[in-house]
Amino acid sequence: MKKVIFMSIIILAIAIVATLLVVQNHFNKKAEELKKEEEILNTFDLTTKSGKAIELGYMNFENGEFYLKLPKEFKLMDAKTLKKKYVNENPPTFAYTNEETTVNVAISITNTQMSNEAIGTFLESMKAQLGAQYEVLESGTKEKEGHTIGQIQFISKAPDTDIYNHMMIFSCNEKFRVVSFNCTKELQEEWQEVGAFIINSLIFSQD
């Protein structure tokens, strides 16, 4: 009987220790995520792979619905350039670009209904569709400020070159939102980390 009680105590102790380790790992992960978010919030200067300095500033969209950090040197595309650059697809609501129009950040503000809970399923569908035509590099979801954020990276085709894309999808006020960083394949290595920073700089209005 004593042996049974002793073994039960041992098993219970192991279970408690295992639970504590899981909880500790969870808090460590959350602390690391918060540290990374703080670093993004406090960073306004980056460099590309070759060392080109990029100065960033927050831009707000839909009257402060959400914010992104964008390179200050990027200019807003006019309607004519938008139609030319996105000739075979619906142009985004806004697009910011460098002087050569080889590096872009596009923002689509749609009226399409989309719940936060539907983002993961929609991302999987998008991955399947893109994968049938293009090379999908990476995809996944994460939670940020109560929003599910879907991200996908892929290589698409243009008439004269391949294009590296890092796209983010999310729901805001039950409406579908898309942010996409893209550049020519030749500039992928140079700009990929900056593009990831821009995508991950997303913050939402606290109102």
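**Helix H3 and the salt bridges of a predicted model**

Tutor: Lys-157 is exposed, with a relative accessible area of 58%. The model is predicted.

Student: With which residue does the side chain of Lys-157 meet in a salt bridge?

Tutor: The N to O distance of the pair is 3.4 Å, and a salt bridge requires the nitrogen and the carboxyl oxygen to be within 4 Å. The partner is partly exposed, at a relative accessible area of 26%. The residue is Asp-162.

Student: Is Arg-177, which meets Glu-65 in a salt bridge, buried or exposed?

Tutor: The side chains of Glu-65 and Arg-177 come to 2.8 Å, N to O. Buried means under 20% relative accessible area. Glu-65 has 11% and is buried. Arg-177 has a relative accessible area of 4%, so Arg-177 is buried.

Student: How many residues apart in sequence are the parts that Glu-65 and Arg-177 tie together?

Tutor: The two side chains meet in a salt bridge. Glu-65 lies in the loop between S2 and S3, and Arg-177 in strand S10, so the parts tied together are apart in sequence by 112 residues.

Student: How far apart are the closest N and O atoms of Lys-52 and Glu-73?

Tutor: Lys-52 sits in the loop between strand S1 (45–47) and strand S2 (53–61), and Glu-73 in the loop between strand S3 (66–71) and strand S4 (75–76). Lys-52 is partly exposed at 38%, and Glu-73 is partly exposed at 35%. Their salt bridge has its closest N and O atoms apart by 3.6 Å.

Student: Within what arc do the buried residues of H3 fall?

Tutor: In H3, Ile-119, Leu-123, Met-126 and Leu-130 are buried. An α-helix has 3.6 residues a turn, so residues three or four places apart point the same way. The buried residues of H3 line one face of the helix, because seen down its axis they fall within an arc of 60°.

Student: Which exposed residues does the face of H3 turned away from its buried side carry?

Tutor: What covers the buried residues of H3 includes strands S7 (135–144), S8 (147–157), S9 (162–172) and S10 (175–184). The face turned away from that buried side carries Thr-121, Ala-128 and Gln-129.

Student: What accessible area do Leu-12, Ile-16 and Leu-20 have together?

Tutor: Ile-16 is found in helix H1 (residues 2–42). Ile-16 is partly exposed, with a relative accessible area of 43%. With Leu-12 and Leu-20, Ile-16 forms a nonpolar patch on the surface, and together their accessible area is about 300 Å².

Terms used
Residues numbered from 1 in each chain as written. Predicted model: local features only at pLDDT ≥ 70, side-chain atom pairs only at ≥ 80, totals over all residues. Heavy atoms only, no water. Buried < 20%, exposed > 50% of the residue type's maximum accessible area, 1.4 Å probe, protein only. Helix = DSSP H or I, 4+ residues; strand = E, 2+ residues; numbered from the N terminus. Arc of directions from axis to C-beta. Contact = heavy atoms within 4.5 Å. Patch = residues over 30% accessible without salt bridge, like charges linked within 9 Å, V, L, I, M, F, W, Y side chains within 5 Å. Areas by Shrake-Rupley, 256 points an atom, 1.4 Å probe, with all protein chains shown as cover.
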